[in-house]
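Hello,

Here is the structure I promised to pass on to you. Please have a look at it first, and then read on for my notes.

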Amino acid sequence: LRSNPNLLEKSLRAMVQVPRCRPFLDFDVKRHWFKTHVRRLRQHAGRRGLRLSIRRKHVFEDAFHRLQLRNADEMRGRLHITFRNEEGVDAGGLSREFFAILAKEMFNPNYALFTSTEDGCTFQPNPNSAINPDHLSYFRFVGRIVGKALVDGFLLDAHFTRSLYKHMLGLKPTHHDMEAIDPDYYRNLKTILEYNLDDLGLDLTFSTDEHSFGRSQTVDLIEDGRNIKVTEQNKAKYVSLVCQHRMTTAIEPQIKAYLEGFHDLVKPDLISIFTPKELELLISGMPDIDVHDLKKNTDYQGYKATDKEIGWFWNIMFTLSRSEKAAFLQFVTGSSKVPLNGFSELQGMRGVQKFSIHKAGGSSGALMSAHTCFNALDLPIYKSEEEMKEKLLYAISEGGGAFMFA
């Protein structure tokens with residue numbers, strides 16, 4: 001398929017059409033297939049360009065008003081940006097600058113559209129965005145900008161939560177996706193699932209409290225939920241519903257508006273071929289990971305830097321391909337975002353939190369696991385460097401199942 005991706009249009013079409021076959025496709029093959037179909041859509045849109053004259057100090061507002069009335073076909077036209085009172089022909093550089101400014105401005109707290117997670121690296125829709133009266137129009141605009149950048153091949157330094165990537169792919173978030181959004185809340189949910197409610201002294205109902213602008217209100221998770229007790233038998237359902245509320249129901253209008261804009265440019269059947277991790281890389285690009293810098297800024301617990309297992313680990317890291325390094329970074333930190341000033345400024349739930357390798361207990365040869373809110377890797381003992389590499393590659397490719405409660 002790498003040498004002949006066109007087979008996905010012919011004899012191997014089922015690899016794309018059948019969801020359970022998609023994990024067997026390489027990311028580069030999927031990306032080629034996606035770009036081929038996007039190119040066809042652009043050709044159907046005709047040769048009409050999308051010309052925008054905007055003020056440099058008001059890029060977000062000007063672009064919002066200029067694009068609001070454009071239809072999907074017009075949005076697919078070739079983008080031509082001019083900054084008012086500036087000379088310059090847009091041969092790609094001005095469009096790149098345009099998207100770079102928008103990627104920062106969409107998260108500007110003054111618009112109240114997104115809130116950052118604990119580590120400040122990823123963003124999800126703000127449940128209180130209605131303080132901005134035009135918030136849903138802005139969400140549709142942001143969705144269109146992400147879609148436009150994607151189809152035009154421009155990368156955005158914009159990293160969303162795993163749950164939002166799942167919504168973009170038509171997938172349902174799980175309670176594991178809560179870890180990156182609110183690690184403390186996630187740990188509380190883990191405690192509820194693992195221990196007896198009576199032993200914890202918890203008296204829960206199928207409801208949750210929402211706090212907004214100094215006011216609190218009780219929201220039912222099911223009909224009359226505030227009067228239905230959570231028991232040992234139904235607590236798994238409670239955890240699922242409370243997470244669904246936080247990641248979906250409470251921000252449903254915002255997600256719907258964002259997806260409406262995104263799907264104007266990128267249809268669901270085109271984007272659904274990717275996994276959430278691949279979608280992040282498609283939107284934000286493959287990070288440039290300096291393994292020497294990562295090694296220099298790593299802490300150890302239970303291991304010493306001179307241990308042979310640590311030597312094996314770094315040998316393996318230096319042999320990984322660029323996409324494998326990106327997958328590793330997603331596995332241990334929850335995002336492919338590399339800190340601007342290197343790994344000495346890697347963020348965790350407590351501010352700056354360096355990457356750390358912990359000696360894992362349990363049996364030799366067990367799977368390694370990650371605690372993303374602490375940027376930590378639990379590394380078991382292995383018999384050889386080859387076994388360690390095999391387990392690491394398995395962990396970063398099947399990482400969704402190996403994430404641990406932090």
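Before the notes begin, one term: two strands are said to pair here if DSSP finds at least two bridges between them. With that in mind, strand S1 (residues 50-54) and strand S2 pair in the parallel sense, over 5 bridges. Please remember as you read that this is a predicted model.

Let me stay with that pair for a moment. Leucine 52 has isoleucine 81 of S2 as its bridge partner. S2 spans residues 79-83 and is mostly covered, with 4 of its 5 residues buried.

Now the chain as a whole. The protein chain has 406 residues, and 50% of them count as buried. Its secondary structure comes to 18 helices and 12 strands. Among the contacts with a separation of 6 or more, 69% join residues 24 or more positions apart.

The open sheet

I spent a good while on an open sheet of 4 strands, ordered S7-S10-S12-S11, with mixed pairing. Strand S7 (298-301) and strand S11 (369-371) each have a single partner strand, so they stand at the edges and one side of each is left without a neighbour in the sheet. On average, and ignoring direction, neighbouring strands of this sheet are turned by 25° against each other.

Going through the sheet in order, S7 and strand S10 (residues 355-359) run parallel and are joined by 4 bridges. Here aspartate 299 stands opposite serine 356 in S10. Helix H16 (residues 308-319) packs on the sheet, where it touches S7, S10 and strand S12 (376-379). The direction of H16 makes about 135° with that of S10.

S10 also pairs with S12, in the parallel sense and over 4 bridges. Isoleucine 357 stands opposite leucine 377 in that pair. S11 and S12, on the other hand, run antiparallel and are joined by 3 bridges; serine 369 has aspartate 378 of S12 as its bridge partner. S11 and S12 form a hairpin with 4 residues between them, and asparagine 375 in the turn has a positive phi of about 55°.

How do the side chains of S12 divide between the two directions? In a regular strand, side chains alternate between the two faces of the sheet. In S12, Ala376 and Asp378 point one way, Leu377 and Leu379 point the other way, and all are buried.

Another hairpin

Strand S5 (residues 207-212) and strand S6 (residues 215-220) run antiparallel, with 6 bridges joining them. Serine 207 is matched with aspartate 220 of S6 as its bridge partner. The hairpin of S5 and S6 has 2 residues between the strands, and phenylalanine 213 in the turn has a positive phi of about 50°.

Two helix crossings

The axes of helix H3 (residues 59-67) and helix H5 (residues 93-105) come within 9 Å and cross at roughly 105°. H3 and H5 are therefore roughly perpendicular to each other, since angles from 65 to 115 degrees count as such. On the H3 side the contact is made by Val59, Phe60 and Ala63, and on the H5 side by Phe98, Ile101, Leu102 and Glu105. By class, this contact of H3 with H5 has 6 nonpolar residues, no polar ones and 1 charged.

Helix H17 (residues 322-333) and helix H18 (residues 385-397) also have axes that come within 9 Å, and these cross at roughly 70°. That makes H17 roughly perpendicular to H18. The crossing of H17 and H18 is left-handed. Glu324, Ala327, Phe328 and Phe331 of H17 meet Leu392, Leu393, Ala395 and Ile396 of H18 in the contact. These residues divide into 7 nonpolar, no polar and 1 charged.

Two histidines

Are histidine 135 and histidine 245 buried or exposed? Histidine 245 has a relative accessible area of 8% and histidine 135 one of 11%, so both are buried, as buried means under 20%. Histidine 245 is placed in helix H11 (residues 235-247). Not counting residues up to four places away in sequence, histidine 245 touches Thr208, Glu210, Val219, Leu221 and Ala250.

Histidine 135 belongs to helix H6 (residues 135-152). Leaving aside neighbours within four places in sequence, the contacts of histidine 135 are Leu113, Ser129, Ala130 and Gln254.

Best wishes, and happy viewing!

Notes: Residues are numbered from 1 along each chain as its sequence is written. This is a predicted model: local features need pLDDT of at least 70, side-chain atom pairs count only at pLDDT 80 or more; totals for chains, interfaces and linings use all residues. Side-chain values use heavy atoms; hydrogens and water are left out. Buried means under 20% relative accessible area, exposed over 50%, partly exposed in between (1.4 Å probe, protein chains only). Contact means heavy atoms within 4.5 Å. Axes are lines fitted to C-alpha atoms, for helices over the stretch in contact, and angles run from 0 to 180 degrees between N-to-C directions. Angles under 35 degrees count as roughly parallel, over 145 as roughly antiparallel, 65 to 115 as roughly perpendicular and the rest as oblique. Ala, Val, Leu, Ile, Met, Phe, Trp, Tyr, Cys and Pro count as nonpolar, Asp, Glu, Lys and Arg as charged, and the others, Gly among them, as polar. A crossing is left-handed if the near helix is turned anticlockwise from the far one by less than a right angle, and right-handed if clockwise.
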